[in-house]
Amino acid sequence: DLAIESHIAHIIKRSRVGGDESFFIADLGQIFRQHRRWTQNMPGIRPYYAVKCNCDPTFLKVLAELGTGFDCASIEEMRAVLNLGVDPARILFANPCKAPAAVAFAREVGVLRTTFDNIDELDTIKAHMPEAQLLLRIYANDEDAFICLGEKFGAQLDTTEELLSRAWELGLNVIGVSFHVGTGATNPASFCKGIKDARLAFSQAERLGFHPKILDIGGGFQDDCFESMGPIIREAIRSEFPAGITTIAEPGRFFARSVYTLVCRVISRRRQLGSAALSGVPDMLYQNDGIYGNFMNVIMEKEIMVPYLVSKKTRGFLNKPKSGESEKTNDAVQVPSHRYSIWGPTCDSTDCVVREVALDSEVKIGDWLKYKNMGAYTSTTATQFNGFSSTYDTFYVNSETLPDY
Ligand code: PLP
């Protein structure tokens, strides 16, 4: 952590960032660690990283080198992956409701695997990619997930037989079944239910004459409960598919979230006066990034943001201490806590990043605040509302081989 902070300080000090833009630090070492965690806990289950979560080309490149597949939902996401030289066979077009032009594009570039969950989609696929390798997306839902997807996608089990029959009539090729329990899932039972339902859909497909061979357990995996979910999911697969089955997944958040730290600058400040001060309303900080930028997850996923002041001490640390001088001169000093609410730069009062936080030091205009775990659904959901930029610099470090400044 200190190494990353020193690196942030290095970037700030070298003025490599425009004063009014937030920037990301991406720790490539963390991608390797997450990949290792994946292979240890989900052995044999190939991840198709969900590009929608974070489409930073450098990040995608590292994953490509690690051998993952990619879940793309649009033409631009397919382009982003193909531009890295990735074989189209490693891409799954995992969007069950696609525009005809997108299906035609996928065919043109050789991305043949895609999902469906309704009759009209089968007609679109027949017309624009008749040789598609199809996965039937079935309904699944973890009601405790940050964002449930079941309301929008997934065929209910009482419709799957009809859908599969229609695919058979059209001469299409169904190669498997997929589901997604929702992003930010916490309940392993929802995966178990999805796997059980997938088994039923497999049987229906087999009875019609298809030879399905792929089970796709979607995304939804989270850092906090990953290790505890792994064995439960593996056991569910073993019990529903005792003869074995090729299993893939579409993790996004799990790979991207912890790789990125976002650093924002305080651009304005309102110290409370009058009755607000007397009644203890926290002072207000306005920073150069907010809900309409990289913090959409505050409203979409009810994520609680934890800001850290990029400490002057660490920044001073760049002026290397003279020999014999301690770097930790302030440790014994008791500092009062300073309470703030933190707001984004737009004119909208929804644009509140942190309702209240107590920090050890006073924060002034020009100071920098750091937010960890900002890699998932942040840069990909940023808008240009109010004329603020939606492009941000990213600086890459490898925590395993950081230079000693
Ligand atoms: N696959 C599909 C079809 C999705 O819709 C999503 C997220 O919405 C993902 C994968 C990635 O999910 P997560 O980031 O929760 O792993």
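Thr 159 is found in helix α7, which covers residues 157–169, in a model of the chain that is predicted. At 29% relative accessibility, Thr 159 counts as partly exposed, because the partly exposed class lies between the limits of 20% and 50% relative accessible area. The C-alpha atom of Thr 159 is separated by 9.3 Å from that of Asp 117, a residue 42 positions away along the chain.

The chain as a whole contains 13 helices and 16 strands, and its C-alpha trace spans about 75 × 50 × 40 Å along the principal axes. Of the 405 residues in the chain, 51% are buried.

A second helical position can be described in the same terms. Ala 104 is found in helix α5, a helix that runs over residues 100–109. With a relative accessible area of 28%, Ala 104 is partly exposed, and its C-alpha atom is separated by 8.6 Å from the C-alpha atom of Ile 125, the two residues being 21 residues apart along the chain.

The loop that precedes α5 was examined next. Asn 95 lies in this loop, between β4, which comprises residues 91–93, and α5. Asn 95 has a relative accessible area of 16% and is therefore buried, the limit for that class being under 20%. A polar atom of the side chain of Asn 95 lies 3.0 Å from the backbone nitrogen of Cys 97, so that this pair falls within the 3.5 Å that bounds a polar contact.

Another loop position, Asp 289, is placed between β11, which comprises residues 283–287, and α12, which comprises residues 296–300. Asp 289 counts as buried, with a relative accessibility of 1%. Between the C-alpha atoms of Asp 289 and Ile 267, which are 22 residues apart along the chain, the separation is 9.7 Å.

The loop between β15 (residues 368–371) and β16 (residues 393–397) holds Asn 373, and Lys 372 and Tyr 377 are also found there. Lys 372 is partly exposed, with a relative accessible area of 30%; although Lys 372 and Ile 25 are 347 residues apart in sequence, their C-alpha atoms are 9.5 Å apart in space. Asn 373 is likewise partly exposed, at a relative accessible area of 29%, whereas Tyr 377 is buried, at 16%. Most residues other than glycine have a negative phi. Asn 373, which is not a glycine, nevertheless has a positive phi of about 55°, and a positive phi of about 55° is also found for Tyr 377, which is not a glycine either.

Tyr 377 also leads to the surroundings of the ligand, since 16 residues lie around the ligand and Tyr 377 is among those that come nearest, together with Thr 183, Gly 220, Glu 250 and Arg 253. By class, the shell around the ligand is made up of five nonpolar, six polar and five charged residues. The space taken by the ligand is the second largest pocket.

Polar atoms of the protein approach the ligand at several points. An N or O atom in the side chain of Asp 71 is 2.9 Å from a nitrogen atom of the ligand. A polar side-chain atom of His 180 lies 3.0 Å from an oxygen atom of the ligand, while in the case of Arg 253 a polar backbone atom is 2.8 Å from an oxygen atom of the ligand. Taken alone, the ligand exposes 400 Å², and 93% of that area is buried by the protein.

How values were computed:
Residues are numbered from 1 along each chain as its sequence is written. This is a predicted model: local features need pLDDT of at least 70, side-chain atom pairs count only at pLDDT 80 or more; totals for chains, interfaces and linings use all residues. Side-chain values use heavy atoms; hydrogens and water are left out. A residue is near a molecule or strand if one of its heavy atoms lies within 4 Å of it. A polar contact is a pair of N or O atoms within 3.5 Å; within protein, one must be able to donate a hydrogen and the other to accept it, and residues adjacent in sequence count only if both atoms are side-chain atoms. Accessible areas come from the Shrake-Rupley method with a 1.4 Å probe; for residues, only the protein chains shown count as cover. On a 1 Å grid over the protein atoms alone, a cavity is a set of points where a 1.4 Å probe fits but cannot get out, and a pocket is an open set with protein on both sides within 12 Å along at least five of seven lines; lining residues have an atom within 4 Å of a point. A molecule sits in a cavity or pocket if more than half of its atoms lie within 2 Å of its grid points. Ala, Val, Leu, Ile, Met, Phe, Trp, Tyr, Cys and Pro count as nonpolar, Asp, Glu, Lys and Arg as charged, and the others, Gly among them, as polar. Helices (H or I, at least four residues) and strands (E, at least two) are DSSP runs, numbered from the N terminus. Buried means under 20% relative accessible area, exposed over 50%, partly exposed in between (1.4 Å probe, protein chains only).
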